[in-house]
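Q: Could you take me through one part of this protein slowly, as if we were looking over the model together? I'd like to see how a few packed helices are arranged and which side chains bring them into contact.

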Amino acid sequence: TLVNRVISRLVQAIRGKDSCFSNIERQSAGSYYERVKISEPNEFDIMLVMPVARIQLDESDDTGAYYYASFKRSPKEKGWLKFLEEDGKLSAFKMLQALREIIKQEVKNIKDVEVTVARKKAGSPAITLQIKNPPSEISVDIILTLEAQQSWPLSTQGGLKIEQWLGTKVRRDLRFRPLYLVAKQNKREKVLRGNTWRLSFSHIEKDMINNHGNSKTCCEADGPKCCRKGCLKLLKYLLEQLKMKHPKELEKFCSYHVKTAFLHSCVTWPNDLDWQLGDLDHCFQKCLGFFVDCLQKSQLTHFFIPQYNLLSLEDKARHHFLSRKISHELNNGFPVFHE
């Protein structure tokens with residue numbers, strides 16, 4: 001309730017302050033909204049989605065995930081011009097800066113709740129709010145997202161291999177959904193200008209996680225229940241606990257790694273019978289086994305972009321460290337859950 005109150009206020013202010021942002025819509029992403037949060041709901045991800053007219057996308061590296069965006073035709077709304085670089089590229093950095101300024105100003109006018117804007121984290125696409133909610137604090141990541149009604153880039157063609165799991169028709173329907181791009185710095189750029197955008201599929205992931213059954217009635221009111229969400233919760237929780245124990249060694253890992261491994265597991269074991277509610281323990285260990293295997297090979301393929309490996313080869317030592325920690329947990333009845 002608190003988060004909704006603050007965000008609604010901010011969205012109104014943002015729409016009124018800059019004509020480019022006048023169509024901005026909020027969309028919730030992340031584990032709380034996928035109903036797979038385990039601990040206190042103290043972290044929220046909110047996407048601020050901006051519809052854009054047809055944009056031209058040019059790959060900024062060989063991952064197939066990062067792009068430069070430019071308008072195919074000069075935008076009707078002249079306010080956009082201030083966000084363009086000399087070469088016509090749409091600058092994620094300039095847009096984030098403008099959004100951040102509006103939010104910082106508006107936060108000062110909120111009197112009934114104590115809200116502050118956290119300091120900028122290098123390379124993070126989010127504007128983070130801290131909301132005081134005694135005795136604790138809630139953090140909200142606001143992520144600027146472009147929404148383009150156009151076909152997905154070529155790099156996604158061989159991804160989303162869900163035919164055996166959710167069906168060919170579902171795959172086709174999902175690929176007709178709009179394309180999302182989040183303002184994200186590509187660290188592999190020779191000169192870091194901050195004008196790259198990364199493909200985002202969080203709206204599709206949320207959909208698949210909420211409608212996860214091979215049969216259409218899985219986990220519905222009168223349908224059979226499965227343990228898929230339970231597995232994802234445990235995977236995220238295990239990583240969270242291990243990160244708290246080894247913050248330095250595991251800083252490069254995030255819940256997206258285990259979420260991706262989980263989605264691949266859903267494809268590897270596509271049938272609802274593979275995920276019966278009573279088999280949570282066994283299924284969780286199967287998913288973990290799959291993830292450990294990825295860590296040992298330093299190869300975790302992005303679920304939507306098959307050429308993109310989420311585990312960079314220069315971090316092999318870190319991958320092996322995490323795989324050893326997980327194997328230790330697996331073989332000893334998960335001591336970290338009881339600490």
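A: Here is a walk through three helices and their contacts, followed by a look at the domains.

Happy to look at this with you; please keep in mind that the model is predicted. Two packed helices are described by the angle between their axes and the distance between the axes. Let's take the three pairs in turn.

Start with helix α5, residues 228-245, and helix α6, residues 255-268. The axes of α5 and α6 cross at roughly 150° and come within 9 Å. Angles over 145° count as roughly antiparallel, so α5 is roughly antiparallel to α6. Their crossing is right-handed. On the α5 side, the contact is made by Arg228, Cys231, Leu232, Leu235, Lys236 and Leu239, while α6 brings Ser255, Val258, Lys259, Phe262 and Cys266. Sorted by class, the contact of α5 with α6 has 7 nonpolar, 1 polar and 3 charged residues.

Now bring in helix α7, which covers residues 280-297. α6 and α7 pack with their axes 9 Å apart, at an angle of about 115°. That makes α6 roughly perpendicular to α7, and this crossing is right-handed too. From α6, the residues His257, Val258, Ala261, Phe262, His264, Ser265 and Thr268 meet Cys287, Phe290 and Phe291 of α7. This contact of α6 with α7 is made up of 6 nonpolar and 4 polar residues, with no charged ones. Val258 and Phe262 are worth finding in your viewer: they take part in the contact with α7 and also in the one with α5.

The remaining pair is α5 with α7. Here the axes lie 9 Å apart and the angle is about 55°; α5 and α7 are therefore oblique to each other. Once again the crossing is right-handed. Gly230, Cys231, Leu234, Leu235 and Leu238 of α5 touch Leu280, Cys283, Phe284, Cys287 and Leu288 of α7. The contact of α5 with α7 has 9 nonpolar residues, 1 polar residue and no charged ones. Cys231 and Leu235 of α5 appear here and also in the contact with α6, and Cys287 of α7 meets α5 as well as α6.

To place this in the chain, domain 1 spans 2-202 and domain 2 spans 212-337. The C-alpha centres of the two domains are 25 Å apart. Between them, 27 residues of domain 1 are in contact with 24 residues of domain 2. Domain 1 and domain 2 bury about 2,100 Å² between them, with 63% of that area on carbon and sulfur atoms.

Definitions and conventions:
Residues are numbered from 1 along each chain as its sequence is written. This is a predicted model: local features need pLDDT of at least 70, side-chain atom pairs count only at pLDDT 80 or more; totals for chains, interfaces and linings use all residues. Side-chain values use heavy atoms; hydrogens and water are left out. Axes are lines fitted to C-alpha atoms, for helices over the stretch in contact, and angles run from 0 to 180 degrees between N-to-C directions. Helices (H or I, at least four residues) and strands (E, at least two) are DSSP runs, numbered from the N terminus. Angles under 35 degrees count as roughly parallel, over 145 as roughly antiparallel, 65 to 115 as roughly perpendicular and the rest as oblique. A crossing is left-handed if the near helix is turned anticlockwise from the far one by less than a right angle, and right-handed if clockwise. Contact means heavy atoms within 4.5 Å. Ala, Val, Leu, Ile, Met, Phe, Trp, Tyr, Cys and Pro count as nonpolar, Asp, Glu, Lys and Arg as charged, and the others, Gly among them, as polar. Domain bounds come from an automatic or database domain assignment. Buried area is the accessible area (1.4 Å probe) that two parts lose on being put together, summed over both.
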